[in-house]
Amino acid sequence: MNQWQGKVAVVTGASAGIGAAIARELAKAGMITIGLARRPEKILELKNLLPEDASQRIHAVRCDVSKREDIRKVFQEIQDKHGGIDVLINNAGVVKQTTLFADDDGQPLQEILDTNVLGLTLCSREALKSMKARDTNGHIIHINSIAGHKVLQFPHMNMYAASKFAVTAITETMRNELREMGSKVKVTSISPGVVKTEIVAGLDDHRDFPKLECEDIAAAVLYVLGTPPHVQVHELTIKPVGEQF
């Protein structure tokens, strides 16, 4: 991680769970870490869990990545205040318990796609603009899911899997486009199995099966960031021992 000392990392969905764990570890590793969330006050609470030097590197910004205007405004503010973006962790994601054929107005399905797919894509686009403008060999990391590779038997989570399959395809598309540009910016998809988070705890079908800790995913982020310039981890799958999926 020495190459990232003092560099700027943006973590979406950083108020809790995986995003909070990633933000903590990046700040401890020496990165200026900007957490985006709809609840920025939760990010500020992370400061109390960190050594003083690391806590000073944590910054909280309110942003709803399902809203294009929020993304444009916030990324411009980061550019103006911090001089650019070197690492983007696309962690923000939502799960809505619904079905494809639910008798509603389709709003839950739209929210999943706006956050998990379009938000991730637009944040990546804004980060890449910053990296290209400064000729920086940055890194974009998507927190995907094993549900992005196989449809799991979780009732009422149908569109979630579709959104994560899209992330898998977007990762490959980004890699192809970056290669065609001649860019050295890396893109990585990290696909965890079930992780102990607020989202999982809130599911109706919250069965007792093996789960990963949020810190396990943060460790994976540091691993892929720590690879040498000629190495790109394209897909990293992490499962708890004994997982059935």
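Which residues does Ile43 touch, not counting residues up to four places away in sequence? Keep that in mind as you start the tour of this predicted model.

**Stop 1: Ile43**

Select Ile43, which you will find in helix 2, residues 40–44. Now add Ala14, Ser15, Gly35, Leu36, Ala37, Ile58, His59 and Ala60 to the selection: these are the residues that Ile43 touches, leaving out those up to four places away in sequence. Ile43 counts as buried because its relative accessibility is 0%, and the cut-off for buried is under 20%. For a sense of scale, draw a distance from the C-alpha of Ile43 to that of Gly138; the two are 24 Å apart in space and 95 residues apart in sequence.

**Stop 2: the nonpolar cores**

Next, select Ile22, Leu26, Ile89, Ile143, Ile190 and Val221. These residues have the most contacts inside the largest nonpolar core, which has 34 residues. To see where this core comes from, colour strand 1 (8–12), helix 1 (17–28), strand 4 (87–90), strand 5 (139–143) and helix 8 (214–225), the elements that each give two or more residues to it. In soluble globular proteins, nonpolar side chains tend to be buried together.

Zoom in on Ile190. Beyond its neighbours within four places in sequence, Ile190 is in contact with residues including Ile141, Ile143, Ile217, Val221, Leu236 and Ile238. Apart from the largest core lies another, of 27 residues; Cys63, Val65, Phe75 and Val167 are among them.

**Stop 3: helix 6**

Val167 is also one of the buried residues of helix 6, so select that helix, residues 158–181. Show the side chains of its buried residues: Met159, Tyr160, Ala161, Ser163, Lys164, Val167, Ile170, Thr171, Met174 and Leu178. They pack against helix 5, strand 5 and strand 6 (186–192).

How far apart are the end C-alpha atoms of helix 6? They are 35 Å apart, which agrees with the 34 Å that its 24 residues should span at 1.5 Å a residue. Just after the helix, click on Gly182, which takes a positive phi of about 80 degrees.

**Stop 4: the cavity**

Finish by selecting Asn90, Asn91, Ala92, Gly93, Thr115, Asn116, Leu120, Ile143, Lys164 and Val167, which line the largest cavity. About 40 Å³ of space lies inside. Helix 5 (107–133) and helix 6 each give two or more residues to this lining, and helix 5 has the largest share, with three. Colour the lining by class and you will find four nonpolar, five polar and one charged residues.

Notes
Residues are numbered from 1 along each chain as its sequence is written. This is a predicted model: local features need pLDDT of at least 70, side-chain atom pairs count only at pLDDT 80 or more; totals for chains, interfaces and linings use all residues. Side-chain values use heavy atoms; hydrogens and water are left out. On a 1 Å grid over the protein atoms alone, a cavity is a set of points where a 1.4 Å probe fits but cannot get out, and a pocket is an open set with protein on both sides within 12 Å along at least five of seven lines; lining residues have an atom within 4 Å of a point. Grid points are joined across faces, edges and corners, and a volume is the space filled by probe spheres set on the points. Helices (H or I, at least four residues) and strands (E, at least two) are DSSP runs, numbered from the N terminus. Ala, Val, Leu, Ile, Met, Phe, Trp, Tyr, Cys and Pro count as nonpolar, Asp, Glu, Lys and Arg as charged, and the others, Gly among them, as polar. Buried means under 20% relative accessible area, exposed over 50%, partly exposed in between (1.4 Å probe, protein chains only). Contact means heavy atoms within 4.5 Å. A nonpolar core is a set of buried Ala, Val, Leu, Ile, Met, Phe, Trp, Tyr and Cys residues joined through side-chain atoms within 4.5 Å. The expected span of a helix is 1.5 Å times one less than its number of residues.
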